[in-house]
Amino acid sequence: MKRWTSPPPMAWLLVALLGASGAWAQGSGKPGSPPGKNSRHALIISISRFADPKTSPLPGAAEDRQSAAQIARAMQVPDDNISYLQDEQATGDNIRRAIAALNTRVQDGDRVFIHYSGHGTRFPDPEAGGCAEALSTYDGGTWKGMVLHKEMAQLLQPIVLKTDKLFVMYDACHSGGLLSQMPKPRSAADSPVNDNGEGALRGRFTETSESCARPSNVRPRSLLDEATAQGAFPQDVVFLSAARPDEVSLEDQKMGGLATQFVRDCLLRDAVDLDGSGAISMDEIQQCAQTKINQRLKNDSLFTPHHLLLSGNRKFVPAWFSQALPAQQVPGAPATGVLNAVAQTPPVTPPAATPALPQTLPPTPQPTATTTPSSPPVAVVPPQTPVAAPVRLTGAQALAQLFEQRDGKRQVQARLGRSSLRIGQDVLDLAVLSDRSGYVYVALAGSDNQSLTLLFPNELDNNNRIEKDQQLLLPRPHWPVKAAGPAGTDTLLVMVADGPRHWKALPKDPGSPFARSLNDLQGRARLGALLGNAAAGACRPLAGQACSDAYGAVLVTVEEKP
């Protein structure tokens with residue numbers, strides 16, 4: 001629906017609107033420490049020794065506590081909102097109490113990260129019709145000392161019903177006695193195969209019944225299975241397990257669990273923006289961490305790589321990195337387009353300096369002419385990154401990624417007056433309805449498959465508040481948006497956010513009331529860091545509740561026809 005002579009990066013607007021914004025792609029500079037948010041919470045459970053002397057210790061689990069805390073801080077969890085249970089503190093009852101206490105702190109639209117590092121186990125369960133998977137606690141070996149997936153899902157259910165996203169990571173395995181037929185884990189005194197300073201490896205398992213140790217007899221039911229069975233939206237839950245049900249997860253006794261340390265490293269700096277979206281998703285973090293696990297075990301004589309299992313919302317973007325923002329850059333060309341309410345002016349050459357954009361833009365008449373967009377620039381990967389440059393997403397794909405970050409519990413409806421528009425004749429007609437009050441944002445990916453524009457709010461109309469169950473009609477009469485070609489499919493993302501965004505800080509072309517983005521990873525990272533959050537102090541939360549970044553969203557398409 002909207003074309004620019006210098007096409008904007010679709011993914012940058014994706015991050016600009018994204019309430020929980022994304023970890024920026026390589027090429028955006030060294031990550032900094034993002035500011036904490038009261039709407040973020042974490043519970044970190046690490047058990048390196050156990051009450052039962054027969055249970056093998058896990059020295060690396062003590063290191064996981066710090067690694068998990070780094071992950072939490074990258075997800076903008078303030079230190080005061082991180083709770084820890086370590087060793088003797090991590091009894092079965094204490095874990096249950098800690099989750100109940102977490103539930104009392106979590107408010108609607110908050111985000112929660114839970115990390116467990118310790119032994120996993122599996123045993124026969126008639127109710128499950130096979131083998132039940134569980135986490136061992138400090139007082140493991142008794143029913144009170146084990147937390148089954150089913151029970152964990154029950155404990156987390158009230159949290160899931162409130163959170164924008166719940167991210168749970170288990171650095172444990174559930175293969176149990178599978179290792180009874182294998183050589184025992186190396187002791188700390190054993191020499192590692194790789195003479196590179198790495199610690200000895202140890203499996204994270206506890207012995208269980210032989211029947212549940214056999215992969216052929218395993219009927220695993222993951223935490224996500226249990227959570228969704230109890231009403232959770234898979235969209236709102238992310239579950240990362242260190243190994244498959246029939247594998248042993250490993251720890252480096254000096255540096256901690258392989259899964260935890262490599263997920264940490266990939267989240268903080270090493271993951272690559274494979275799809276060129278400008279943000280790092282859990283799918284990309286998993287791929288990065290798995291590559292590191294494979295490399296770590298490449299020459300190991302005892303263990304082969306275990307495989308990270310990611311379920312739930314694989315497109316979830318867990319963290320963002322704040323950066324110093326440069327002066328606003330004036331885009332290099334005016335807007336043209338399919339649905340267009342912007343006056344046309346000749347293309348201009350980008351200035352050498354980076355002057356600030358004008359604070360106000362005058363209302364402009366509807367255009368009648370369009371120009372041909374230039375070829376989109378290729379996203380550049382720094383020379384030190386041994387991967388190919390990512391392929392730039394189409395506008396529709398970028399909006400789909402933003403759509404994947406929505407809170408599935410927030411319902412938004414968008415009805416088009418016409419599903420197809422005649423170029424040069426018909427105008428856009430959109431009705432928006434939400435089950436919650438909030439702020440409406442409409443992003444447009446044009447039929448030219450290159451442009452991405454924030455249609456609403458804009459400089460002509462910034463009244464984007466919507467009330468629960470009250471219909472909002474767009475565009476309003478004083479800024480009609482007419483189809484202007486080319487023929488094809490336009491994609492609209494309609495989102496209703498709990499809190500307003502800093503949309504006025506987005507760059508705009510001279511003479512245009514619409515916001516647009518810069519088409520390079522650096523621009524997306526810098527501007528996205530500014531705009532990836534609800535505007536501080538401008539929300540209307542309930543008394544005592546932190547400002548939520550959550551939003552509901554819907555995607556609709558419009559056909560442009562001659």
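# Exercises on a predicted model

In β23, Arg-465 is the bridge partner of Tyr-439. The model is predicted. Work through the tasks with the structure in view.

## Exercise 1: strand β21

Find which strands pair with β21, and decide whether β21 is enclosed or open.

Solution.

- Step 1. Begin with strand β23, residues 465-466. β21 pairs with β23 in the antiparallel sense, over two bridges. The bridge of Tyr-439 and Arg-465 belongs here.
- Step 2. Go on to strand β26, residues 488-497. Seven bridges join β21 to β26, and the two run antiparallel. Val-442 stands opposite Val-494 of β26.
- Step 3. Take strand β22, residues 452-456. Four bridges link β21 and β22, again in the antiparallel sense. Ala-443 has Leu-454 of β22 as its bridge partner.
- Step 4. Check burial. A residue is buried under 20% relative accessible area. In β21, residues 438-445, eight of the eight residues are buried, so the strand is largely enclosed by the rest of the structure.

## Exercise 2: a six-stranded sheet

Give the strand order of the open sheet with six strands, and say which strands stand at its edges.

Solution.

- Step 1. Read across the sheet. The order is β4-β3-β5-β9-β11-β15, with mixed pairing.
- Step 2. Look for strands with a single partner. These are β4 (82-86) and β15 (309-312), so one side of each has no neighbour in the sheet.
- Step 3. Compare directions. On average, neighbouring strands of this sheet are turned by 10° against each other, direction ignored.
- Step 4. Inspect one pair. β11, residues 237-241, runs antiparallel to β15, and four bridges join them. Ser-241 stands opposite Leu-309 of β15.

## Exercise 3: helices on the sheet

Work out which strands α4 and α7 touch or lie across, and which face of α4 is buried.

Solution.

- Step 1. Place α4. This helix lies across β5 (111-117), β9 and β11, at about 155° to β9.
- Step 2. Place α7, residues 258-270. Helix α7 packs on the sheet and touches β5, β9 and β11. Its direction makes about 135° with that of β9.
- Step 3. List the buried residues of α4. They are His-149, Met-152, Ala-153, Leu-156, Ile-159 and Val-160.
- Step 4. View α4 down its axis. The buried residues fall within an arc of 105°, so they line one face of the helix.

## Exercise 4: Thr-163

Locate Thr-163, then decide: is it buried or exposed?

Solution.

- Step 1. Find its place. Thr-163 is in the loop between α4 (149-160) and β9 (165-171).
- Step 2. Check its cover. Thr-163 has a relative accessible area of 0%, so it is buried.
- Step 3. Name its contacts. Leaving out residues up to four places away in sequence, Thr-163 touches Val-106, Asp-110, Val-112, Asp-407 and Lys-409.

## Exercise 5: the disulfide

Identify which cysteines form the disulfide, and where they sit.

Solution.

- Step 1. Count. The structure holds one disulfide. Such a link is a covalent bond between the sulfur atoms of two cysteines.
- Step 2. Name the pair. Cys-266 is joined to Cys-288, with S to S 2.0 Å.
- Step 3. Find the handedness. The angle about the S-S bond is -80°, and the link of Cys-266 and Cys-288 is left-handed.
- Step 4. Place both ends. Cys-266 is in helix α7 and Cys-288 in helix α8 (residues 282-296), 22 residues apart.
- Step 5. Check burial. Cys-266 and Cys-288 are both buried.

Note on methods:
Residues numbered from 1 in each chain as written. Predicted model: local features only at pLDDT ≥ 70, side-chain atom pairs only at ≥ 80, totals over all residues. Heavy atoms only, no water. Buried < 20%, exposed > 50% of the residue type's maximum accessible area, 1.4 Å probe, protein only. Contact = heavy atoms within 4.5 Å. Arc of directions from axis to C-beta. Pairing = 2+ DSSP bridges. Axes fitted to C-alpha atoms, helices over the stretch in contact; angles between N-to-C directions. Disulfide = S-S within 2.5 Å.
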